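Biologist: I am new to this structure and would love a close look at one part of it. Could you pick a buried spot, walk me through its surroundings, and then lead me outwards from there?

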Amino acid sequence: MIELSLAEIATAVGGRLVLSPAGGSQEDRISGESQTDSREVQQGQIFFARRGEETDGHRFAAQAVDAGAALIVAERETDDRVPQILVADTTEALGALATEVVRRVRAAGVLKIVGITGSNGKTTTKNLVAAMAERVGPMVASAKSFNNEVGGPLTMLRVEEDTRTLVAEMGASAEGEIARLTAMAPPHIGVVLTVGLAHAGEFGGIETTFRTKSEMVRDLPAEAVAVLNRDDAYVTRMGDLTAARVVWFGRNPEADVRASDIDSDASGTRFTLHIAGDSLPVVFRVLGEHHVTNALAAAAVGHELGLSLADIVAALEGATRAARWRMEVLGGRDGVTIINDAYNASPDSMSAGLRTLAQIGKPEGRTVAVLGAMSELGEYSIEEHLRIGLQAVRLRISELVVVGVEARNLHISAINEGSWDGESVFFAEQDEAFDYLARTLQPNDTVLVKSSNAAGLRFLGDRLGEAFA
């Protein structure tokens, strides 16, 4: 974080500064990062004692001070060994400080802000853009999937005076949340990847999802850039909702940044990248043809950041996986390939994962889909789980292994199709599924493990990867 005095921080968050009896001044300066988890606090950092759904950060203030916190922002007095700033709402204070830090750095004229949203692909695209931004200069990007009212500001507060690019993943579970994040860090480049059924249960339908994702570009000024997916019908509609200059990406021949000659296998995807009248071949080692969309979005951002086509291709070719637990290739013993893609799952990404599995399976082996529940689908849940089960059959996946009671409709759909005879099995618990797979997987099998984060199948994927390492 940029260096600020205690008084400046108190003003930014609208709080009351309480100095420690041990001494100190309101002019004392702090430049450490901010944390909301006391276990992550390091020397000189700020601890925001946030009240969460399961616990209250005020209970851990002393632990944060023991770890080296130099300042506590809280809703009530906690540990007087360090200065405290008392606020009405700690989460709002976190966002307010992020807003002020970004405002100051942006005003200096060096910082470029890239905001990324979409129903699928945010983290993968963020990682690819970050790899390109590193070629421009000092860069800050969202860690993990820090994309909400807490993770977003924590990322923004890592910005310093010499930061050239802030790459901010911006997610939402309700209308207005992306708008709040873009107000904290107004993007110079706003990216919208897809509009799908992810979080449809929380949003209340696809049109609400469309309105929410369009918050990324609605308020962009004319001098900003909206990077939009020409292949997504809902995202295409956003071109009429923004004053910003629109850069289209996709496979559509009318896209400004597009791919042709796409060819995928178990080693990744090869395609030709076209930008501004030039083209170069790309060997993209991130597994799954659907990730070409994310690569194109990142390429469009790289071009806007001033990278040459050669540098853009080099950044894409340097990526070896989308992210942890996203199309992550494990295993190898006896030719068994485990694809652990169980960090997130929506109907769109589940469908894409199955298509990839069918496409890359080895002729001498089987394709095995180990699937868990897709969360947050609301009224669409039964219908979408049934549809994915049916798709597994129609793609001729060799075996379907369904794990978890919430995913049972996948199994029911597959066995009701009638074209299978025992190729779909169901297990209520992961341990049962692991024992079955460890016993029955055959040489040269290709296995996709896919579920929403809440279903936890990413841990089953890791176990299988270790078992067949």
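Modeller: Let's start with A433, which is buried, because its relative accessible area is 0%. Please keep in mind that this is a predicted model. You will find A433 in helix α15. Setting aside residues within four places in sequence, A433 is in contact with V403, F427 and L460. Take V403 from that list: it stands 30 residues from A433 along the chain, yet the C-alpha atoms of the two are separated by 6.8 Å.

Another contact of A433, L460, leads us to helix α16, which covers residues 457–467. L460 is one of the buried residues there, along with L457, R458, G461, D462, L464 and G465. What do the buried residues of α16 pack against? Two of the partners are α15 (430–440), the helix we began with, and β20 (399–403). The others are β17, β18, β19 (367–371) and β22 (446–450).

Two of those strands, β17 (328–331) and β18 (337–341), are joined by a loop that holds D334. D334 is not a glycine, but its phi is positive, at about 60 degrees. That is worth a second glance, because most residues other than glycine have a negative phi. With 47% relative accessibility, D334 counts as partly exposed. A similar backbone feature turns up at A276, where phi is near 50 degrees, again a positive value in a residue that is not glycine. A276 sits in the loop between β15 (268–275) and β16 (278–284), and it is exposed, with a relative accessible area of 58%.

Now for the charged side chains. Across the whole structure, a search finds 25 salt bridges. One of them joins the side chains of R50 and E149, at 3.9 Å from N to O. R50 lies in the loop between β5 and α2, while E149 lies in the loop between β9 (139–141) and α5 (151–156), so this pair ties together parts that are 99 residues apart in sequence. Both partners are partly exposed: R50 has a relative accessible area of 25%, and E149 has 44%. Beyond four places in sequence, R50 touches T55, D56, G57, T90, T91, E149 and V150. The C-alpha atom of R50 is also separated by 6.4 Å from that of T36, 14 residues away along the chain.

A second salt bridge links D263 and R270, with the closest N and O atoms 3.4 Å apart. D263 is partly exposed at 41% relative accessibility, and R270 is partly exposed at 26%. For a third, look at E384 and R387, where the closest N and O atoms are 2.9 Å apart. These two residues both belong to helix α13 (residues 381–394) and are 3 residues apart, about one turn of the helix. E384 is buried, at 6% relative accessibility, whereas R387 is partly exposed, at 36%. Elsewhere, salt bridges that share partners join E3, E8, R29, E100, R103 and R104 into one network.

R29 from that network also appears among the contacts of S5, together with Q26, E27 and D28, leaving aside neighbours within four places in sequence. S5 lies in strand β1 (residues 4–5) and counts as buried, at 2% relative accessibility.

Let's finish on the surface, where E33, E160, E161 and D162 gather in a patch of negative charge. Of these, E33 is found in the loop between β3 (29–30) and β4 (34–35), and it counts as partly exposed at 32% relative accessibility.

Technical notes
Residues are numbered from 1 along each chain as its sequence is written. This is a predicted model: local features need pLDDT of at least 70, side-chain atom pairs count only at pLDDT 80 or more; totals for chains, interfaces and linings use all residues. Side-chain values use heavy atoms; hydrogens and water are left out. Patches are made of residues with over 30% relative accessible area and no salt bridge: like charges are joined within 9 Å, nonpolar side chains (Val, Leu, Ile, Met, Phe, Trp, Tyr) within 5 Å. Accessible areas come from the Shrake-Rupley method with a 1.4 Å probe; for residues, only the protein chains shown count as cover. A salt bridge is a side-chain nitrogen of Lys or Arg within 4 Å of a carboxyl oxygen of Asp or Glu. Lys and Arg count as positive and Asp and Glu as negative; His and the chain ends are not counted. The place of a charge is taken as NZ of Lys, CZ of Arg, CG of Asp or CD of Glu. Helices (H or I, at least four residues) and strands (E, at least two) are DSSP runs, numbered from the N terminus. Buried means under 20% relative accessible area, exposed over 50%, partly exposed in between (1.4 Å probe, protein chains only). Contact means heavy atoms within 4.5 Å.
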